[in-house]
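Here are a few exercises to work through with the model open beside you. Try each one yourself before reading the solution.

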Amino acid sequence: DTLLSVRGLSASADETPILHGIDLDVGAGETHVIMGPNGAGKSTLGHVVMGDNAYTVDGGTVEFAGQDITDLSPDKRSRAGLFLSFQAPVEIPGVPLSSFLRATMAGREGAGELKGKQFRKHVRALADELDMDPAYLDRELGVGFSGGEKKKLEMLQLLLLRPKLAILDETDSGLDVDALGVVSRGIDAYRRATGGALVVITHNTRILEHLDVDRVHVMVRGRMAAEGDASLIDAIDEQGFEQFEQIER
Ligand code: ADP
Ligand code: MG
Ligand code: MG
């Protein structure tokens, strides 16, 4: 059952081509990993799938849950069940995190329909699942957040929104032990609660250690250079990406 189907996707930013004919299929409930050297276009792919207007689609299509979403706004994609983790949440002094989460959910089915008090109770239960101190929910949005605290916000959004497919872009900066734990617990809770599909973009193979990975995709210079099962992760761990660098289409 194909959930996400990317076909021949090419995209550019500021007239510079970045993605060159990307194909990617993700089935409902599957876990995929996208790896590749820095600058390969992994984050760009995530943003283009989500509809970020910083990028121009030059060709190809993105289908999600049976619908062509190539020209849809990010908000409509989100409502259709797509989620992309934010790398750097904005700082908004004076806005408590709980209010921000409430706004995220406004007008949505599920937790979005809960009244203020019930909503806070719901968020506290999710925070508890992630092993978070409830005092975190009273913090001001993004102000002075550590890497781990940013991840907590992402994972709370994930558990609140309950997408059909979550794309988690784990950046190149590396996660500290705290952040790594938060992401692992978040992924576990998401899978348990929704059985949703997952695309993890990462350099960090430690995050993948206790994930049941269905498919691994390797991107090099804006193209898919290799695809395989979870054993590809070990091959990359041992030999790096050089083995794929020569591959051209
Ligand atoms: P990765 O996530 O694999 O490290 P990125 O998708 O971040 O790669 O970047 C791929 C290439 O596209 C890089 O050369 C980067 O500088 C460029 N790029 C990405 N986003 C933009 C943008 N918004 N404007 C201009 N260039 C960009
Ligand atoms: Mg990068
Ligand atoms: Mg990146």
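**Exercise 1.** Is A226 buried, partly exposed or exposed, and why?

*Solution.* Bear in mind that you are looking at a predicted model. Start by finding the residue: A226 sits in strand β12, which covers residues 223-228. Next, count neighbours: 18 other C-beta atoms lie within 10 Å of A226. Now apply the cut-offs: buried takes 20 or more such atoms, and exposed takes 12 or fewer. A226 is therefore partly exposed, because its 18 falls in between.

To fill in the surroundings, skip residues up to four places away in sequence; A226 then touches V218, L232 and F244. For L24, compare chain and space: A226 and L24 are 202 residues apart in sequence, yet 12 Å apart in space, C-alpha to C-alpha.

**Exercise 2.** Work out the strand order of the open four-stranded sheet, and explain why β2 and β5 each have a side without a neighbour.

*Solution.* Read across the sheet first: the order is β2-β1-β4-β5, and the pairing is antiparallel. Then look at the ends: β2 and β5 (67-68) are the edge strands with a single partner strand each, so one side of each has no neighbour in the sheet.

Now zoom in on one pair. β1 (residues 2-13) and β4 (residues 56-64) run antiparallel to each other and share seven bridges. For a register check, find S5, which stands opposite E63 in β4.

**Exercise 3.** Which residues of the largest nonpolar core touch the most other members, and where does the core get its residues?

*Solution.* The core has 59 residues, and those touching the most other members are F83, L156, L165, A166, I167 and V199. Helix α5 (residues 147-161) gives the largest share, six residues. Then check the domains: domain 1 (2-88 + 164-245) and domain 2 (90-144) each put in at least three residues.

Pick V199 for a closer look. Ignoring neighbours within four places in sequence, V199 has contacts with V26, H32, I34, L165 and I167.

**Exercise 4.** Describe the shell around ligand 1: which residues come nearest, and which element supplies the largest share?

*Solution.* There are 13 residues around ligand 1, with A13, A40, K42, S43 and T44 coming nearest. Sort the shell by class and you get four nonpolar, seven polar and two charged residues. Then sort by element: β2 (16-27) and α1 (42-50) supply at least two residues each. The largest share, three residues, belongs to α1.

Definitions and conventions:
Residues numbered from 1 in each chain as written. Chains lettered and ligands numbered in written order. Predicted model: local features only at pLDDT ≥ 70, side-chain atom pairs only at ≥ 80, totals over all residues. Core = buried A, V, L, I, M, F, W, Y, C linked by C-beta atoms within 7 Å. Domains from an automatic or database assignment. Contact = placed C-beta atoms within 7 Å. Near = placed C-beta within 6 Å. Nonpolar A, V, L, I, M, F, W, Y, C, P; charged D, E, K, R; others polar. Pairing = 2+ DSSP bridges.
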